[in-house]
Amino acid sequence: MTALHARYGRLRLEQLVQPAERLARFGHRVSRALAIQIAANQARLRADPGARRLFFRDDGQPIAEGELLVQPELAVVLAAIRTRGVGELYGGALTKLYVDGVAKLGGTLDLEEFRAYRPNWIDTEKRAVDNDEIHFLQAGPGVSAARTWDTLAERDTYTAFDDG
């Protein structure tokens with residue numbers, strides 16, 4: 001995401017990160033969709049102590065639609081990225097936390113490999129939409145999405161979305 005920002009962004013990175021940090025720190029109301037997902041995945045969420053702290057009330061019930069979801073640990077991570085830059089994730093104190101978190105969940109992530117990661121820029125399928133462009137990956141689901149878009153455009157049905 002920061003590579004995209006570096007190449008195409010117009011705002012400062014901290015301006016982009018701060019709203020998410022604020023939501024994590026002060027909370028936001030749980031949507032109906034999120035409440036349904038939490039309820040459907042209770043067993044997996046309960047098994048992880050961090051997820052249990054976030055998604056379950058003190059009485060053991062999952063948080064419900066309209067309740068406040070606060071994510072203080074995420075707020076700390078976002079604040080570090082906002083104030084020190086993305087290098088904090090790839091080469092600072094957050095790097096080891098991230099790698100250790102992956103290991104704790106049963107995954108493997110080599111510290112040096114993570115630090116050496118660079119995004120891979122690939123060409124996209126482009127479609128004109130009025131004065132804008134929409135881009136699709138040239139592989140996997142992007143191909144299907146581009147074909148669907150083309151079909152909608154041929155039928156002139158994508159403009160129906162403008163009506164809300």
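Biologist: Let's start with one side chain: does Glu73 count as buried or exposed?
Modeller: Keep in mind that this is a predicted model. To be called exposed, a residue needs over 50% relative accessible area. Glu73 has 55% relative accessibility, so the label for Glu73 is exposed.

Biologist: Which residue forms a salt bridge with Glu73?
Modeller: The closest N and O atoms of this pair are 3.3 Å apart, and the partner of Glu73 is Arg53. Glu73 lies in helix 6 and Arg53 in helix 5 (residues 49–55), so the pair ties together parts that are 20 residues apart in sequence. Arg53 has a relative accessible area of 57%, so it is exposed. The name you want is Arg53.

Biologist: Okay, zooming out, how many helices and strands are there in the protein?
Modeller: Reading along the sequence, you meet the pattern α-α-β-α-α-α-β-α-α-α-α-β-β-α. Counted by type, the protein has 10 helices and 4 strands.

Biologist: Why is the protein described as more spread out than a compact globule?
Modeller: With its 10 helices and 4 strands, the chain can be held up against the globule rule. For 164 residues that rule gives 15 Å, and the protein goes well over this, so it is more spread out than a compact globule; the reason is its radius of gyration of 20 Å.

Biologist: What box do the C-alpha atoms fill?
Modeller: The box is taken along the principal axes. Its sides come to roughly 55 × 40 × 30 Å.

Biologist: And what share of the 164 residues is buried?
Modeller: Being buried takes under 20% relative accessible area. Among the 164 residues of the protein, the buried share is 22%.

Biologist: What part of the exposed area do carbon and sulfur atoms supply?
Modeller: The protein exposes about 12,100 Å². Of that area, carbon and sulfur atoms supply 54%.

Biologist: Which residues make the nonpolar surface patch of about 340 Å²?
Modeller: One member is Tyr8, which sits in helix 1 (residues 2–8). Tyr8 has a relative accessible area of 56%, so it counts as exposed. The full set for the patch is Leu4, Tyr8 and Trp121.

Biologist: Back to charges: how many salt bridges does the count come to?
Modeller: Side chains of opposite charge can pair when their charged atoms come close. For this protein the count comes to 12 salt bridges.

Biologist: Which residue meets Glu21 in a salt bridge?
Modeller: Glu21 has a relative accessible area of 6%, so it is buried. The N to O distance in its bridge with Arg82 is 2.4 Å. Arg82 lies in helix 6 (residues 72–84) and Glu21 in helix 2 (residues 13–26), so the pair ties together parts that are 61 residues apart in sequence. The partner is Arg82.

Biologist: Which residues does Glu21 touch, not counting residues up to four places away in sequence?
Modeller: Glu21 is in helix 2, and its side chain also makes a polar contact of 2.4 Å with the side chain of Arg82. Leaving out residues up to four places away in sequence, Glu21 touches Ala75, Leu78, Ala79 and Arg82.

Biologist: Is Arg127 buried or exposed?
Modeller: Arg127 belongs to strand 3 (residues 124–129). The cut-off for a buried residue is under 20%. Arg127 has a relative accessible area of 18%, so it is buried.

Biologist: Which residue forms a salt bridge with Arg127?
Modeller: The closest N and O atoms are 2.6 Å apart, and the partner is Asp150. Arg127 lies in strand 3 and Asp150 in helix 10 (residues 141–154), so the pair ties together parts that are 23 residues apart in sequence. At 25% relative accessibility the partner counts as partly exposed, and its name is Asp150.

Biologist: One last pair: how many Å apart in space are Ala47 and Val143?
Modeller: Ala47 is in helix 4 (residues 42–47), and at 64% relative accessibility it counts as exposed. Ala47 and Val143 are 96 residues apart in sequence. From C-alpha to C-alpha, their distance in space is 37 Å.

Methods. Residues are numbered from 1 along each chain as its sequence is written. This is a predicted model: local features need pLDDT of at least 70, side-chain atom pairs count only at pLDDT 80 or more; totals for chains, interfaces and linings use all residues. Side-chain values use heavy atoms; hydrogens and water are left out. Patches are made of residues with over 30% relative accessible area and no salt bridge: like charges are joined within 9 Å, nonpolar side chains (Val, Leu, Ile, Met, Phe, Trp, Tyr) within 5 Å. Accessible areas come from the Shrake-Rupley method with a 1.4 Å probe; for residues, only the protein chains shown count as cover. A salt bridge is a side-chain nitrogen of Lys or Arg within 4 Å of a carboxyl oxygen of Asp or Glu. Helices (H or I, at least four residues) and strands (E, at least two) are DSSP runs, numbered from the N terminus. Buried means under 20% relative accessible area, exposed over 50%, partly exposed in between (1.4 Å probe, protein chains only). The radius of gyration is taken over C-alpha atoms; the globule rule is 2.2 Å times the number of residues to the power 0.38. A polar contact is a pair of N or O atoms within 3.5 Å; within protein, one must be able to donate a hydrogen and the other to accept it, and residues adjacent in sequence count only if both atoms are side-chain atoms. Contact means heavy atoms within 4.5 Å.
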